[in-house]
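Thank you for asking for a second pair of eyes on this entry. The note below is written for someone who has not looked at it before, and is best read with the structure open alongside.

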Amino acid sequence: NGENDLKAFASEKKALWKAGISDENIHDLIPGCILYNWEMIDLEDNLINKLINTDFKVIKSNYNEYNDYLDTKDSYEVYKELLKDDLYSAVEKRVNMISDVGLIFSGGVDSTILAVLLKQIAEKRNNNDNSIPLNIKLYSVGVENSQDIKFSKEIAEELDLPIKTIIIDENTVKESIKPVLTAIEDDNLMKLGVGMTIYLAAKAMKEDNVKVALSGQGADELFGGYNRYLKHFEENSLFDAYFALDEEIYHDIANMYHVNLERDDAVSMANGIELRVPFLDNDIVNLALDLPGKYKIKDNEDI
């Protein structure tokens, strides 16, 4: 009867394309919404709406100095302890009842924190006769002799954890472009490049019969880890810079689902790997949103 009479719902565009539905008639069901009688209904009380509707101009207007704002918050030490506990719980929760876990490992701060926590959890479980032993394997992807590969190997050795390195060369890129494009359904070059790294790690895990993977996704957005966040400190006063930083962080977290998370999930599932992201645990997200900018970035030289 024509395309407009056909209504379909799928987790991948590919299924809708096969049903003859064109791109302009395909719409995303965004987080915090439900499909009701084929209409998208926004469930108002959700994280994305909270992030989008937070007005930092109003928040700023309540304070004369940044220290006045800091006085309404907990101390740095308190946040540090809370974060340590929440992170341990977030990782433990995601490997509960699992015997083998892969960690997408770059040797950077975020993935190293996860490696350390996984090792602590494994030692605790392996010393308990009633627990399922936990086997950890790190997976590092990069160009031969790259910093990522070098640091990954060094830290793996220091932590005494097994690591598999996947070296990217021209051949690997040629072989991987088609399956990655098929998985992410997007020809954005940045998404393709990052997606390929995760795809190759997940492919290596599949070969090792690992079914669940962890990654440090979300930490940079939550805790101000990207270099681009420093731009707020170049011209603004610290008072303005910290609120501008918070505003950008809120924006980035609200948009993570279509910038990063959908891509990562798609390339992992293309290999039958379930990707879990401890940094995006509900408790950690709420804690990070409450954490003042000053505790994330000291000044424009803090990298």
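The points that follow go from the chain as a whole to single helices, residue pairs and a surface patch.

1. Overall form. Please keep in mind throughout that this is a predicted model. The secondary structure of the chain consists of 14 helices and 7 strands. The radius of gyration is 21 Å, close to the 19 Å that the globule rule gives for 303 residues, so the chain is as compact as a globular protein of that length. Taken along the principal axes, the box filled by the C-alpha atoms is roughly 60 × 60 × 45 Å.

2. Burial and contacts across the chain. Of the 303 residues, 41% count as buried, while the area that the chain exposes comes to about 17,500 Å², with carbon and sulfur atoms supplying 49% of it. When contacts between residues at least 6 apart in sequence are considered, 72% of them join residues at least 24 apart.

3. Helix H6. This helix runs over residues 109–126, and its 18 residues reach 26 Å from the first C-alpha to the last, which is close to the 26 Å expected at 1.5 Å a residue. Its buried residues are Ser 111, Thr 112, Leu 114, Ala 115, Leu 117, Leu 118, Ile 121, Ala 122 and Arg 125. As a general point, an α-helix has 3.6 residues a turn, so residues three or four places apart point the same way. The cover over the buried residues of H6 includes helix H5 (76–94) and helix H7 (147–159), together with strands E3 (100–104), E4 (135–143) and E6 (212–214).

4. Tyr 88 as a view of the packing against H6. Tyr 88 has its place in helix H5, and, leaving aside neighbours within four places in sequence, this residue is in contact with Leu 117, Gln 120, Ile 121 and Lys 124. Two of the residues it touches, Leu 117 and Ile 121, are among the buried residues of H6. A reader may also wish to locate Asp 283, which is 195 residues from Tyr 88 in sequence and 11 Å from it in space, C-alpha to C-alpha.

5. A salt bridge within H6. A search of the whole structure finds 21 salt bridges, and one that can be followed along a single helix is that between the side chains of Lys 119 and Glu 123, at 4.0 Å from N to O. Both residues lie in H6, 4 residues apart, or about one turn of the helix. Lys 119 is partly exposed, with a relative accessible area of 22%, and Glu 123 is partly exposed as well, at 42%.

6. Salt bridges around Asp 208. Which parts of the chain does the pair of Asp 208 and Lys 137 tie together? The closest N and O atoms of these two residues are 3.2 Å apart, in a salt bridge. Asp 208 lies in the loop between helix H9 (189–207) and E6, and Lys 137 in strand E4, so the pair ties together parts that are 71 residues apart in sequence. Asp 208 counts as partly exposed at 27% relative accessibility, and Lys 137 counts as partly exposed at 24%.

7. The wider network. Asp 208 also forms a salt bridge with Lys 164, where the closest N and O atoms are 3.1 Å apart. This pair, too, links distant parts of the chain, since Lys 164 is in strand E5 (residues 163–168) and Asp 208 is in the loop between H9 and E6, 44 residues apart. Lys 164 counts as partly exposed at 22% relative accessibility. Through salt bridges that share partners, Lys 137, Lys 164, Glu 207 and Asp 208 are joined into one network.

8. Thr 172, buried or exposed? This residue has its place in helix H8 (residues 170–184), and at 14% relative accessibility Thr 172 counts as buried. Beyond neighbours within four places in sequence, Thr 172 is in contact with Ile 167 and Leu 200.

9. A nonpolar patch on the surface. Phe 9, Leu 29, Ile 30, Leu 35, Trp 38 and Met 40 form this patch, and together they have about 570 Å² of accessible area. Phe 9 is in the segment before helix H1 (13–18), and at 57% relative accessibility Phe 9 counts as exposed.

Terms used:
Residues numbered from 1 in each chain as written. Predicted model: local features only at pLDDT ≥ 70, side-chain atom pairs only at ≥ 80, totals over all residues. Heavy atoms only, no water. Expected span 1.5 Å × (residues − 1). Buried < 20%, exposed > 50% of the residue type's maximum accessible area, 1.4 Å probe, protein only. Contact = heavy atoms within 4.5 Å. Rg over C-alpha atoms; globule rule 2.2 N^0.38 Å. Areas by Shrake-Rupley, 256 points an atom, 1.4 Å probe, with all protein chains shown as cover. Patch = residues over 30% accessible without salt bridge, like charges linked within 9 Å, V, L, I, M, F, W, Y side chains within 5 Å.
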